[in-house]
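Load the model in your viewer and keep a selection prompt ready. The stops below are meant to be taken in order.

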Amino acid sequence: RNSIFSKTSIDSLEQKVYFLIFTILIFSFEGYLLFYDYQHAFVWQRYLTFVVVVGVFYIVKFVLAKILSFVFFDKSVLKQLIDSYISIGMLTSILYYLSILVLLYTKLLHSPMASTVGLIILSIGIMLFTIRLIQFFLHKVVVSLYLMLYLCTLEILPVIVLLQVFQLLA
């Protein structure tokens, strides 16, 4: 018989959803700051547009991951991959949130340093996830082909599309 205390809070669906919402809000803010015109005030409608775009990006990425998982992974590996993605995204968004707080209270938020720090933190997150992907693909015989196909279809191409949408919104 299972105990009600056997499931930790980090494994619960609610925590993952909260982490994902926080990550979407933070990455939307990064996109907003990258294409923000410092001559104007903060516009909530424009920021919410960035939130919707990043939310749709995550939904499309999740659907593509589910489809591609039938080709590359079994069900247990896909669950580990999604958990890794959420964990790395949460780590990246917490680091970015902390850097925003530091830049905000040092009055450097409106400088180019804010977007540079954000891009560095985002690059670190992408590198961590790429390393994690390589670890998942190491058990395959044709590793390099699978890895390139997976990275191009699920990691690189959607990010390029997201940046193009951000430029259209700016």
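The tour goes from the whole chain to single helices, then to side-chain pairs and a surface patch.

**Before you start**

This is a predicted model, in which local features need pLDDT of at least 70 and side-chain atom pairs count only at pLDDT 80 or more, while totals for chains, interfaces and linings use all residues. Residues are numbered from 1 along each chain as its sequence is written, and side-chain values use heavy atoms, with hydrogens and water left out.

**Stop 1: the whole chain**

Show the cartoon. The protein has five helices and zero strands, in the order α-α-α-α-α along the sequence. Helices (H or I, at least four residues) and strands (E, at least two) are DSSP runs, numbered from the N terminus.

Colour by accessibility next. Of the 170 residues, 36% count as buried. Buried means under 20% relative accessible area, exposed means over 50%, and partly exposed is in between (1.4 Å probe, protein chains only). The protein exposes about 10,900 Å², with carbon and sulfur atoms supplying 73% of it. Accessible areas come from the Shrake-Rupley method with a 1.4 Å probe, and for residues only the protein chains shown count as cover.

A contact map adds one figure: among contacts with a separation of 6 or more, 69% join residues 24 or more positions apart. Contact means heavy atoms within 4.5 Å.

**Stop 2: helix α1**

Select residues 13–34, which are helix α1. Its 22 residues should span 32 Å at 1.5 Å a residue, and the end C-alpha atoms are 31 Å apart, which agrees. The expected span is 1.5 Å times one less than the number of residues. Buried residues of α1 include Lys16, Thr23, Ile24, Phe27, Phe29 and Tyr32.

Centre on Tyr32, which is buried at a relative accessible area of 3%. Beyond its neighbours within four places in sequence, Tyr32 is in contact with Ala41, Phe42, Val43, Arg46, Tyr47 and Phe50. For a view across the sequence, add Leu169: its C-alpha atom is 9.3 Å from that of Tyr32, although the two residues are 137 residues apart along the chain.

**Stop 3: the aromatic cluster**

Show the rings of Phe29, Tyr32, Trp44, Tyr47 and Phe50, which ring pairs link into a cluster. A pair of aromatic rings is described by the distance of the centres and the angle of the planes. Rings of Phe, Tyr and Trp (its six-membered ring) pair if their centres lie within 6.5 Å; planes under 30 degrees apart count as stacked, over 60 as edge-to-face and the rest as tilted.

The structure holds eight aromatic pairs. One of them joins Phe29 and Tyr47 edge-to-face, at 6.2 Å centre to centre and 75° between the planes. This pair links distant parts of the chain, 18 residues apart, with Phe29 in helix α1 and Tyr47 in helix α2 (residues 44–72). Phe29 and Tyr47 are both buried.

**Stop 4: the salt bridge**

Which side chains meet in a salt bridge? Select Asp83 and Lys16, whose side chains meet at 2.7 Å, N to O. Asp83 lies in helix α3 and Lys16 in helix α1, so the pair ties together parts that are 67 residues apart in sequence. A salt bridge is a side-chain nitrogen of Lys or Arg within 4 Å of a carboxyl oxygen of Asp or Glu. A search of the whole structure finds one. Lys16 is buried at 18% relative accessible area, whereas Asp83 is partly exposed at 22%.

**Stop 5: helix α3 and what follows**

Select residues 75–105, the 31 residues of helix α3. The span should be 45 Å at 1.5 Å a residue, and the end C-alpha atoms are 45 Å apart, which agrees. Just after α3, Lys107 takes a positive phi of about 60°.

Move on to Met113 in helix α4 (residues 112–137). Met113 is partly exposed at a relative accessible area of 42%. Leaving aside neighbours within four places in sequence, Met113 is in contact with Leu103 and Leu108. The C-alpha atoms of Met113 and Leu103 are 8.5 Å apart, with their positions 10 residues apart in sequence given as the separation.

**Stop 6: the nonpolar patch**

Switch to a surface and select Leu91, Leu95, Ile120, Ile124, Met127 and Leu128, a nonpolar patch with about 520 Å² of accessible area together. Patches are made of residues with over 30% relative accessible area and no salt bridge: like charges are joined within 9 Å, nonpolar side chains (Val, Leu, Ile, Met, Phe, Trp, Tyr) within 5 Å. α3 and α4 each supply at least two residues, and α4 gives the most, with four. Leu91, in helix α3, is partly exposed at 42% relative accessible area.
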